[in-house]
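Work through the exercises below with the sequence and the model at hand. Each task is followed by a stepwise solution.

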Amino acid sequence: MALLTSSAPKLPPIVRKSDTKCRLRPPSLSSPRFSSDSQVTACSCSSAALRRFASVKCKALREGSQQTFDRTVYQGIYGPWTVESSDVQEVILYRSGLVTAAASFVVAASTAFLPGDAFLGDVLKQYLDVFFVLGAGGLGLSLFLIHIYVTPIKRTLQAFWALGAVGSLATYLSLAHPVDKTLVQYVVENPAAVWLVGPLFAALTGLVFKEGLCYGKLEAAVLTFVIPTLLLGHLTGLMDNNGKLSALGIWIALFVIFAARKFTQPIKDDIGDKSVFMYNALPEEEKKALLQKLEMEQKLD
């Protein structure tokens, strides 16, 4: 796609104020730690739409087959950018992964509140592992697409997910299946198994913490404490069954609210500052040239 030139049609006014709410921000150009050798690591859904800038202006506006989602131009730390259709698709996939994880967990966990002789409970218990796999898969998709400016944090969450996925598979094959139990049933009856499946929930805790921090969501902030409290309470035996059921009920209610409210947010919120990701896609020489250009513009301002 060609960058806009002087012959291009007139652009709408640039929004000078960034609407990105996430507090996990990249370093400021004015920071003494920020130099031409700096490497800004990104936090947000990995985007196939991010392309190399062809000039040090770090322009995010495109023409051609890649259509923009809207005509608003946002001012990022490295230049202006717009929301494109591919960005919208990735955000929808990210949110769909969260909904899949939440729905699977809610359905599976609801069996704990059904009477022991309930027909629905008997049916659902036969598919607990299916719900577990669906929920883990949805969480993995969201962690792959999540937008976080600090790349090591994103990689850590993904590593926790992978570790938990491997641990869950190993627990099922070597411990649960030989005694003719589902993975979920085995973990409930054997608290020590939390060590093996726990990293999955650690990744989930990190995700909801990020959402609570970036968007000030109360349900996400509370989930950050409820999830590890229940798992640690089960692991250590410090929580009785009534305490576990209470914590599980709170988890279910807040998870539903959390997943549902994701679709009330503007798309741009889950994108973050797209110019940061476009900057990171540049070769080192172009990064240095861009930083020098921006620093000169700052001095002139």
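**Exercise 1. Describe the order of secondary structure elements along the protein chain.**

Solution. The model is predicted. Read from the start of the sequence, the protein chain runs β-β-β-α-α-α-α-α-α-α-α-α-α-α. Now count the elements: there are 3 strands and 11 helices.

**Exercise 2. Characterise burial, contacts and surface for the protein chain.**

Solution. Start with burial: 47% of the 301 residues count as buried. Next, take the contacts with a separation of 6 or more; residues 24 or more positions apart account for 74% of them. Last, the surface: the protein chain exposes about 15,300 Å². Carbon and sulfur atoms supply 64% of that area.

**Exercise 3. Set the annotated transmembrane regions against the model: what is the helix content of residues 92–114 and of residues 191–209?**

Solution. Begin with the record. An unreviewed UniProt entry annotates "transmembrane region" at residues 92–114, 126–148, 160–179, 191–209, 221–239 and 245–264. Residues 92–114 are 78% helix and 0% strand. Their end C-alpha atoms are 33 Å apart. Residues 191–209 are 84% helix and 0% strand. Here the end C-alpha atoms lie 25 Å apart.

**Exercise 4. Locate V130 and classify it: buried, partly exposed or exposed?**

Solution. First, place the residue: V130 sits in helix 3, residues 128–145. Then apply the cut-offs: buried is under 20% relative accessible area, exposed is over 50%. V130 has 44% relative accessibility, so V130 counts as partly exposed. Finally, look at its partners. V130 joins Y127 and L134 in a nonpolar surface patch. Together, Y127, V130 and L134 have about 280 Å² of accessible area.

Note on methods
Residues are numbered from 1 along each chain as its sequence is written. This is a predicted model: local features need pLDDT of at least 70, side-chain atom pairs count only at pLDDT 80 or more; totals for chains, interfaces and linings use all residues. Side-chain values use heavy atoms; hydrogens and water are left out. Patches are made of residues with over 30% relative accessible area and no salt bridge: like charges are joined within 9 Å, nonpolar side chains (Val, Leu, Ile, Met, Phe, Trp, Tyr) within 5 Å. Accessible areas come from the Shrake-Rupley method with a 1.4 Å probe; for residues, only the protein chains shown count as cover. A salt bridge is a side-chain nitrogen of Lys or Arg within 4 Å of a carboxyl oxygen of Asp or Glu. Helices (H or I, at least four residues) and strands (E, at least two) are DSSP runs, numbered from the N terminus. Buried means under 20% relative accessible area, exposed over 50%, partly exposed in between (1.4 Å probe, protein chains only). UniProt positions are given in the numbering used here, feature names are shortened, and annotations may be inferred rather than shown by experiment. Contact means heavy atoms within 4.5 Å.
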